[in-house]
Amino acid sequence: MTSDAAQLSSLRGSARLTEDGRSPEAVVEYVRRGLVGLLGLRGCRFEYAT
């Protein structure tokens with residue numbers, strides 16, 4: 001199980017990317033990789049709202 005510290009670190013990483021002006025695609029990819037690792041997924045995707 002992932003520790004609270006690791007989850008907080010991941011959240012901070014996401015925030016840092018947005019603060020640094022990274023593209024939305026870069027942020028989505030960072031979060032996607034984090035979710036795959038955290039939840040042990042084979043993959044996941046982000047779909048923009050229509």
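How many helices and how many strands does the protein chain have? I started there, and I found two helices and zero strands. A note to self before going on: this is a predicted model.

**Entry 1: the whole chain**

I looked up the overall numbers next. The C-alpha trace spans about 30 × 25 × 15 Å along its principal axes. I then checked burial, and buried residues account for 12% of the 50 residues in the chain. The accessible surface adds up to about 4,300 Å². Carbon and sulfur atoms own 55% of that surface.

**Entry 2: the two helices together**

Helix α1 covers residues 4–19, and helix α2 covers residues 24–39. I wanted to know how they sit against each other. Two packed helices are described by the angle between their axes and by the distance between those axes. Here the angle is about 170°, and the axes are 9 Å apart. Anything over 145 degrees counts as roughly antiparallel, so α1 is roughly antiparallel to α2.

Which residues make the contact? From α1 I wrote down Gln7, Ser9, Ser10, Gly13, Ser14, Leu17 and Thr18. From α2 the list is Ala26, Val27, Tyr30, Val31 and Leu38.

**Entry 3: Ser14, up close**

I picked Ser14 from the α1 side of that contact. Is Ser14 buried or exposed? Its relative accessibility is 14%, and the cut-off for buried is under 20%, so Ser14 counts as buried. I also looked up its partners, leaving out neighbours within four places in sequence. Ser14 then touches Tyr30 and Val31, and both of these are on the α2 side of the helix contact.

**Entry 4: a few distances between the helices**

I took some C-alpha pairs to get a feel for the spacing.

- Arg16 is in helix α1, and its C-alpha is 9.4 Å from that of Val27, eleven residues away along the chain. Arg16 is partly exposed, at 45% relative accessible area.
- Gly34 sits in helix α2, and its C-alpha is 9.1 Å from that of Gln7, although 27 residues separate them along the chain. Gly34 comes out as partly exposed, with 29%.
- Asp4 belongs to helix α1, and its C-alpha lies 11 Å from that of Leu38, 34 residues away along the chain. Asp4 has 65% relative accessibility, so I put it down as exposed.

**Entry 5: salt bridges**

Side chains of opposite charge can pair when their charged atoms come close. How many salt bridges does the structure hold? I counted three.

I went to Glu29 first. The side chain of Glu29 meets that of Arg32 in a salt bridge, 2.8 Å from N to O. Why are these two about one helical turn apart? It is because they are three residues apart in helix α2. Glu29 also has a salt bridge with Arg33, where the closest N and O atoms are 3.5 Å apart. Arg33 and Glu29 are four residues apart in helix α2, again about one turn. I therefore noted Glu29, Arg32 and Arg33 as linked in a network of salt bridges, going by the 4 Å limit between nitrogen and oxygen.

I checked accessibility for this trio as well. Glu29 is partly exposed at 32%, Arg32 is partly exposed at 25%, and Arg33 is partly exposed at 48%.

The other pair is Arg45 and Glu47, with the closest N and O atoms 2.7 Å apart. Arg45 is exposed, and Glu47 is exposed too.

**Entry 6: a nonpolar patch outside**

Last, I looked over the surface for nonpolar side chains. Which residues form a nonpolar patch there? They are Val31, Leu35, Leu38, Leu39 and Leu41. Together they have about 380 Å² of accessible area. I singled out Leu39, which is in helix α2. Its relative accessible area is 55%, and exposed starts over 50%, so Leu39 is exposed.

Two names here rang a bell from Entry 2. Val31 and Leu38 are in the patch, and they are also among the α2 residues in contact with α1. Val31 turned up in Entry 3 too, as a contact of Ser14.

Terms used: Residues numbered from 1 in each chain as written. Predicted model: local features only at pLDDT ≥ 70, side-chain atom pairs only at ≥ 80, totals over all residues. Heavy atoms only, no water. Patch = residues over 30% accessible without salt bridge, like charges linked within 9 Å, V, L, I, M, F, W, Y side chains within 5 Å. Areas by Shrake-Rupley, 256 points an atom, 1.4 Å probe, with all protein chains shown as cover. Buried < 20%, exposed > 50% of the residue type's maximum accessible area, 1.4 Å probe, protein only. Axes fitted to C-alpha atoms, helices over the stretch in contact; angles between N-to-C directions. Parallel < 35°, antiparallel > 145°, perpendicular 65-115°, else oblique. Contact = heavy atoms within 4.5 Å.
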